[in-house]
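Welcome! Please take a moment to look over the sequence and the 3D structure, and then we can walk through them together.

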Amino acid sequence: MTAPPPPPPPSGGEYGQPSGYPPEYYGYGYGAGYGSGYGYGYPPPARTNALAVAALVCAFVLAPLGIVFGHMALSQIKKTGEEGRGLAVAGLVIGYVITAMTVLAVVISVLLFMFFASALQDVELYPESPRYTAAPAELPAFAPPAAPGANCQYPATIERASKPVKPPRAGRVATDPPRVDATLTTSQGVIGVRLDNAKAPCTVNSFTSLARQGFFDDTTCHLLSTTALRHALQCGDPTGTGSGGPGYQFPNEYPTNQYRLNDPALRLPVRYPRGTLAMANSGQGTNGSRFLLIFDDSPMPPTYTVFGTIDAAGLALLERIAAEGVADGGAEGKPAVDVTVESVRVA
């Protein structure tokens, strides 16, 4: 007679687990044990992808880098099954939005800059408007400085001389004779000038030095101005661009030296009369070799040194050149007819 079978375990199963589930589900058996870090069958949480976090952070700091990290994170997550897809996508979206806004802002800024730069080019220093209906003042009467020509200085510029030349003699220069005659022989004819050594000795000293060294020979008169504010032919630049010079510069003389340095009148136009020979410059104290042959009254601020006058034959020649106009049909630019200074001879 065989023994009866043992009674079945309670409904809770051995150790109280519900029947029908394997012991390893509860962490028992198959090496789970009570000391397991993730006991009772719960798997460890998936790790968050580091590049996904970096993508979201960089999207706010450096948007393009956030986009790069976002794509790299999505690629890694697809391979490893890590968490962080939402962070990577958010980094991508934010990065693209910020990048697009930045590009748009740059484009708008460039367009605005170009617009305002173009607008400023069209603004004249002394616009023809009701505010300037009064005739410009005359050049001030010449009051000789304490010691004219006592200390002429010709410091070197950053730009090298456009043509080999030596600076003129510095220090004291003679103001006698008060007038010096010179002849400009051009491809269009001869222009006679009389240099005013009494009013602008440092300027005349420079001009005669350059002339005697042949600096002006075979140079182009590069700019004809026929605007309401200037009627002049500009010469004296061997490069023919308006930016060349002798490699040195020197201060303004008459009429600038008739004003205080901070006098507001230096910004107001005065009438440079027809037949005036004056220096061109890029600001006070930047005189070099470029000069203006003024063939009609020109209202300009008194910051262009007057250093001579043009004779009647020279004025007639300049008026013929001006009548041909500017090459591009505008009011200022390269003369329509070629004007080359073949030589300048000082008496």
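Which residues does Val-341 touch, not counting residues up to four places away in sequence? The answer is Thr-185, Thr-186, Phe-216, Asp-217, Asp-218, Thr-219, Cys-221 and Cys-235. We will come back to Val-341 below, once the whole chain has been introduced.

## The chain as a whole

What you see is a predicted model. The chain has an average pLDDT of 86, and 82% of the residues score at least 70. Over residues 25-39, however, the pLDDT is below 50, and the model gives this stretch 18 contacts beyond near neighbours in sequence. Residues 12-16 also stay under 50 in pLDDT, with two contacts beyond four places in sequence.

The secondary structure consists of five helices and 13 strands. Of the chain's 347 residues, 39% count as buried. If we take the contacts between residues at least 6 apart in sequence, 69% of them join residues at least 24 apart. About 19,800 Å² of the chain is exposed, and carbon and sulfur atoms supply 61% of that area.

## A nonpolar patch on the surface

Let us begin on the outside. Val-53, Val-57, Phe-60, Val-61, Leu-62, Leu-65, Val-68, Met-72 and Leu-87 form a nonpolar patch on the surface. Together they have about 790 Å² of accessible area.

Two helices, α1 (50-61) and α2 (63-80), each supply at least two residues of this patch. With four residues, α1 gives the most. One patch member, Val-53, has its place in helix α1. Val-53 is partly exposed, since its relative accessible area is 40%, between the limits of 20% for buried and 50% for exposed.

## An enclosed helix

Now for a helix with other surroundings. Helix α4 covers residues 201-212, and eleven of its twelve residues are buried, so the rest of the structure largely encloses it. The buried ones are Pro-201, Cys-202, Thr-203, Val-204, Asn-205, Ser-206, Phe-207, Thr-208, Ser-209, Leu-210 and Ala-211. What covers them includes the strands β3 (189-196), β8 (276-279), β9 (291-294), β11 (306-310) and β13 (340-346).

How far apart are the end C-alpha atoms of α4? They are 16 Å apart, which agrees with the 16 Å that twelve residues should span at 1.5 Å a residue. Just after α4, Gly-214 takes a positive phi of about 75 degrees.

## The loop after α4

The loop between α4 and β4 (219-220) holds Asp-217, and Asp-218 lies in that loop as well. Is Asp-217 buried or exposed? Asp-217 counts as buried, because its relative accessibility is 17% and the cut-off for buried is under 20%. Leaving out residues up to four places away in sequence, Asp-217 touches Lys-163, Val-341, Glu-342, Ser-343, Val-344 and Arg-345.

Asp-218, by contrast, is exposed, with a relative accessible area of 62%. The phi of Asp-218 is near 60 degrees, a positive value in a residue other than glycine.

## Two strand residues

Back to Val-341, as promised. Val-341 sits in strand β13 and is buried, with a relative accessible area of 1%. The C-alpha atoms of Val-341 and Val-190 are separated by 9.4 Å, although these residues are 151 residues apart along the chain.

Arg-194 belongs to strand β3. At 42% relative accessible area, Arg-194 is partly exposed. Not counting neighbours within four places in sequence, Arg-194 is in contact with Arg-179, Val-180, Asp-181, Phe-307, Gly-308 and Thr-309. Arg-179 is 15 residues from Arg-194 along the chain, and their C-alpha atoms are separated by 6.4 Å.

## Two cis peptide bonds

Finally, have a look at two prolines. The peptide bond from Asp-176 to Pro-177 is cis, with omega near 10 degrees. Pro-177 has its place in the loop between β1 (137-138) and β2 (179-186).

The peptide bond from Tyr-254 to Pro-255 is cis too, with omega near 5 degrees. You can find Pro-255 in the loop between β6 (231-235) and β7 (270-272).

Terms used: Residues numbered from 1 in each chain as written. Predicted model: local features only at pLDDT ≥ 70, side-chain atom pairs only at ≥ 80, totals over all residues. Heavy atoms only, no water. pLDDT = per-residue confidence, 0-100. Contact = heavy atoms within 4.5 Å. Patch = residues over 30% accessible without salt bridge, like charges linked within 9 Å, V, L, I, M, F, W, Y side chains within 5 Å. Areas by Shrake-Rupley, 256 points an atom, 1.4 Å probe, with all protein chains shown as cover. Salt bridge = Lys/Arg side-chain N within 4 Å of Asp/Glu carboxyl O. Buried < 20%, exposed > 50% of the residue type's maximum accessible area, 1.4 Å probe, protein only. Expected span 1.5 Å × (residues − 1).
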